[in-house]
Amino acid sequence: MKKILYTISFLVAAVAMITSCETVIDPELEKVQNVLAVDAWINDKPDKQTIMLAMTQSYFDNSLPPGVSGAIVTVTNVSTGKIFSFKEVVGGKGAYTWVPSSATEVLGKSRDNFKLTIQAQGETYESYSMMGRVPTIDSLTFTYEEESSFFPAYYNAEFWATDPIGIGDTYWIRAVKNDTLLNRPSEISVAFDAGFSNGGNFDGIQFIPPIRSSVNPFEQADDGTFLSPYDPGDSLYVELQSISLAAYNYLTQVSVQTNRPGGFSELFSSPIANVSTNITNTNANGKKAVGFFNVASISGLGKRVVKK
Amino acid sequence: MRIFLLFLLCIPEFVLAQQKFTISGYVKDVSNGEVLIGVSILVKEMGVGATTNEYGFYSLTLPANTVTLQYSYIGYLNTTKTVSLTENLRQDIELTSEANQLEEVVIKDKEDQPTATNMDMSTNNLSISTITKIPTFMGEADVLRSLLLLPGVSTVGEGASGFNVRGGSVGQNLVLLDEAPVYNSSHLFGFFSVFNPDAVKDTKLYKGAIPSRYGGRLASLLDVRMKEGNSKKMEVNGGIGTVFSRLSVEAPIVKDKASFIVAARRSYIDVLARPFVELLQEGGALSFYDLTMKANYNISKKDRVYASGYFGRDRFMFDKQQGFSWGNATSTLRWNHLFNDKLFSNLTTVYSKYDYKLQFGDDERNKFSWNSSISNFIVKPDFSYFVNTSTEINFGGEAIYYSFEPANAVGVSEGETIDVSLEKKYNLEASLYAGSTQKVNSILSLDYGLRFSHFASYGPGTVYSYNDTIPGVRKTVTGEKTYDKGETIATYNNFQPRVSFKAQVTESSSIKGSYNRMVQYLHLISNTTASNPLDVWSPTSKNIKPELGDQFTLGYFKSLSGEQEYEFSAEAYYRATQNQIDYIDGADLLINRYLEGDLLAGKGRAYGIELYAQKKTGKINGWVSYTLGRTELQVNGINRGEWYPTRYNQTHNLKVAAFYDITKRWSVSADFVFSSGTPTTFPTSRYLQQGILIPYNVNDSRNNVTIPAYHRLDVSFRLEGKQYKGAKLRKNRDYWVFSFYNVYARKNPFSIYFSQSDERTLPGQPIDSQATQLSIIGTIIPSISYNFKF
């Protein structure tokens with residue numbers, strides 16, 4: 001819905017001859033204590049899995065996040081009882097990894113429940129996540145769109161997959177163009193069944209068009225002209241990750257809070273608010289932590305654009 | 001009904017020492033037959049009086065005698081009538097406007113009723129002549145933008161729809177156009193308002209002490225009354241501006257008996273741009289327009305009917321099918337009937353609708369369309385009984401039937417249609433009220449009343465229940481219940497007492513106070529920085545309680561007359577509210593079946609002091625208004641459960657408006673606005689999550705800082721066209737307006753937002769963060785308009 005608003009506000013701004021202007025400022029911020037930030041998005045692939053532990057930084061501190069060393073990190077597959085120990089990487093700036101011992105060893109399968117335990121800085125944190133299911137991606141297509149009054153000719157990429165029957169499957173769609181993960185805040189794409197959100201009645205069908213084409217990076221050249229998301233020769237890899245409902249809500253909030261194109265769209269922006277977390281301190285009076293834990297099952301497909 | 005009877009019993013019965021007769025009638029403008037609202041009629045011998053109501057009617061019951069009546073109204077010459085009261089008398093009066101006088105006539109002795117002596121408090125009147133003098137944005141005189149210069153009225157910034165009154169939200173104002181509710185009062189987001197100044201007669205803003213005949217919103221009532229149309233001769237008004245062109249025609253249908261007015265406005269940027277923009281030739285549109293109409297007919301001395309309507313639309317279309325449009329439509333039918341000289345009645349019926357439509361995708365197999373609307377039918381009988389010179393009773397009722405379409409949304413994906421529409425909602429709000437204005441003695445006057453309202457929501461419908469939640473975490477659905485057509489889902493009843501008093505301390509000064517309870521059953525669901533056309537109104541339901549507000553006001557009023565007339569007032573207000581709506585972090589407000597689960601309810605309080613000084617006469621006139629205020633909410637789950645200021649909180653708010661006649665033809669006006677910055681939330685910290693930089697406030701604060709202050713100066717020059725052609729007076733009048741908005745080109749902050757840099761960063765590279773201050777208007781905006789009348 002936000003995208004529609006942006007389109008409208010862009011139009012209005014263009015025609016209303018309103019001379020809005022933006023200035024980068026350097027306001028003073030409250031001085032606060034930093035807390036533990038957990039970045040634990042792992043999956044069912046037989047690959048190295050990484051959990052990052054770092055401290056929050058002052059908002060304008062543009063250095064790399066300070067990693068947290070000496071923590072004990074384990075992930076338990078509650079359904080099978082198997083415990084996976086994540087080992088700190090030396091010089092890894094807070095990275096803790098688990099490497100499968102064989103080419104087939106994985107954390108678990110769909111419907112398995114997982115528990116994350118972190119002992120760090122004298123506190124114990126926990127989090128739970130259930131691995132959801134994910135459909136396979138049937139195909140990727142690149143449609144050549146003729147020049148229109150708004151856009152020059154371009155290739156529009158879409159991924160084709162069908163949400164399995166049963167309400168409540170939630171996904172994170174991630175796209176990699178020529179080895180670059182499309183990871184701007186504006187490129188966060190999540191789905192509830194085959195639609196945007198709960199209550200939308202989009203269960204068990206092909207992903208709806210805006211989600212299907214959410215794998216296109218929209219960029220402008222220096223002179224402001226719109227660039228085709230894909231050109232012949234470019235490659236695209238789409239990864240569909242199952243996420244928990246809590247993670248879906250979390251990423252929705254992250255998108256609202258971080259995707260700030262500025263300009264006239266600020267009229268319609270939501271107030272700044274903290275995004276949620278599913279990391280809790282086992283001691284209710286202990287220091288809090290932020291961040292998220294999700295265990296995904298993943299499907300993916302890649303393709304290269306051929307000239308039309 | 002019992003309440004009414006109680007009321008009637010409360011009225012003191014005066015012993016009739018002498019036979020009494022009633023003198024009543026309408027007061028009109030002699031030049032065009034428009035009835036005049038708020039004319040004061042003074043019985044010179046007795047020092048008592050009356051004022052005309054919204055339909056220009058007055059009634060005075062006096063002992064049989066010969067009396068001298070003085071009719072006075074701001075901007076008009078006083079008229080005095082001596083009558084011998086030996087029977088009930090009908091006395092219709094026509095007053096002459098100062099503007100219609102030849103300039104040689106110097107008007108002195110003007111005695112319109114100053115605020116210090118009438119019952120009004122917490123109200124502001126803006127005459128259309130003042131509105132057209134205030135410097136404009138893009139050359140367009142605008143009712144809502146003019147209101148922003150009054151004490152207690154504010155906005156969060158340029159481009160924001162609506163206005164805030166005494167710390168109330170935009171959705172807490174009831175905006176009535178000829179008694180019809182207007183749900184979105186703005187064109188082009190918030191830059192212009194929907195009221196065509198050529199068709200507006202009178203605007204009155206009630207910020208408190210709201211009479212019992214009105215209800216439905218917590219913060220204010222804006223009562224906009226349209227002109228009836230010239231009943232003497234044909235009149236054409238028009239203007240060509242930078243954004244709009246406007247034209248209005250008014251004329252008698254039957255002289256002095258029936259007349260009409262039709263007024264239209266249209267923006268024409270798209271018309272001018274059409275030859276150059278391909279999009280517009282292919283069916284695209286970028287425009288807004290409105291049409292205002294009214295007709296009235298004096299059936300007899302006792303009956304008059306009015307029909308009025310408004311239709312307006314904003315359209316932003318990419319092509320014939322794709323785009324976005326919204327607008328209001330209202331129609332009002334009214335019947336004034338005099339049962340006798342003392343009992344005036346008005347029956348109003350209203351249909352009004354606000355809707356918006358969106359459509360994307362021009363391919364039949366892949367498209368998305370969405371529309372939403374709120375429509376209502378209103379019946380409102382209202383009676384005024386003029387008991388005697390010291391007592392007036394007002395009673396009546398109001399029934400509003402609402403029909404909501406929160407979203408009719410249909411998506412077509414590869415030929416497969418998916419309907420994500422939300423259920424319609426049906427509601428009834430029925431009210432009864434009675435009130436009395438009573439002059440107890442020469443010092444004390446009282447106005448007291450009671451309004452009872454009943455609100456019901458009816459099926460068909462589904463009600464979801466939600467779990468309780470840890471504050472700040474989204475709720476989940478725990479159950480649902482389906483209701484059949486016509487089945488009552490939820491009902492609420494509320495008594496709303498309204499009391500105000502005036503103590504006339506001296507002849508020219510008074511103290512006034514009031515207590516009001518207001519109830520609001522409709523809620524504007526909006527969590528964006530500024531309200532916008534996609535905002536949805538949601539009715540009170542099983543899960544959403546009605547908003548309640550209790551406001552107390554106390555004020556001191558002083559008038560100085562003599563060579564120069566001045567008015568001063570100081571008012572303090574305190575409003576406590578319950579069931580104020582705020583939103584769970586991450587709330588999804590559009591096309592969300594479980595919307596009610598994303599809402600939070602809390603308490604609110606707003607308080608402040610308003611100071612106002614006006615110089616009413618002389619070559620230089622104008623006013624200064626200052627408001628010191630605070631408005632806060634306390635909602636479990638936000639700001640650690642502690643009080644926090646609302647987005648539209650402004651500590652200081654100063655406005656100056658000045659008008660100066662340089663020569664007979666040139667005049668200049670200026671306004672200056674200063675307001676403290678509005679609150680916003682700043683993060684304290686940042687962290688990374690899968691390569692995305694996330695802002696974080698460790699203290700969980702809401703609105704913990706304020707953005708820099710806002711100030712702006714506007715100036716406008718007006719050049720009257722020549723009034724004489726040789727020695728002959730021209731029939732046509734015209735004038736030019738040259739206005740300069742934001743004269744010293746201040747880049748006023750609208751908001752400050754935090755974001756990560758737009759560059760793509762490689763894994764392992766640090767990400768830059770920044771804060772950006774946005775100004776919606778950062779330069780001076782000059783404009784010209786030409787206006788004519790013939």
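Q: In this predicted model, what share of the contacts in chain B with a separation of 6 or more comes from residues 24 or more positions apart?
A: Let's start with how chain B is connected. Here we count contacts in chain B with a separation of 6 or more, and ask how many join residues 24 or more positions apart. That share is 64%.

Q: How does the radius of gyration of chain B fit the globule rule?
A: Chain B holds five helices and 53 strands. For its 790 residues the globule rule gives 28 Å, and the radius of gyration is close to that, so chain B is as compact as a globular protein of that length. Its radius of gyration is 27 Å.

Q: Is B:Thr348 buried or exposed?
A: This residue sits in strand S24 of chain B, which covers residues 343-363. A residue counts as buried if 20 or more other C-beta atoms lie within 10 Å of its own. B:Thr348 has 20 such atoms within 10 Å, so it is buried.

Q: What distance separates the C-alpha atoms of B:Thr348 and B:Glu398?
A: Along the chain, B:Thr348 and B:Glu398 are 50 residues apart. In space, their C-alpha atoms are separated by 9.2 Å.

Q: How far apart are the end C-alpha atoms of helix H3 of chain A?
A: Helix H3 of chain A runs over residues 245-258, which makes 14 residues. At 1.5 Å a residue it should span 20 Å, and the model agrees. The end C-alpha atoms are 20 Å apart.

Q: How many of the 14 residues of H3(A) are buried?
A: Among the buried ones are A:Tyr248, A:Leu251 and A:Val254. The helix is largely enclosed by the rest of the structure, because the number of its 14 residues that are buried is 12.

How values were computed:
Residues are numbered from 1 along each chain as its sequence is written. Chains are lettered from A and ligands numbered from 1 in the order in which they are written. This is a predicted model: local features need pLDDT of at least 70, side-chain atom pairs count only at pLDDT 80 or more; totals for chains, interfaces and linings use all residues. Helices (H or I, at least four residues) and strands (E, at least two) are DSSP runs, numbered from the N terminus. The expected span of a helix is 1.5 Å times one less than its number of residues. The radius of gyration is taken over C-alpha atoms; the globule rule is 2.2 Å times the number of residues to the power 0.38. Two residues are in contact if their C-beta atoms, placed from the backbone, lie within 7 Å.
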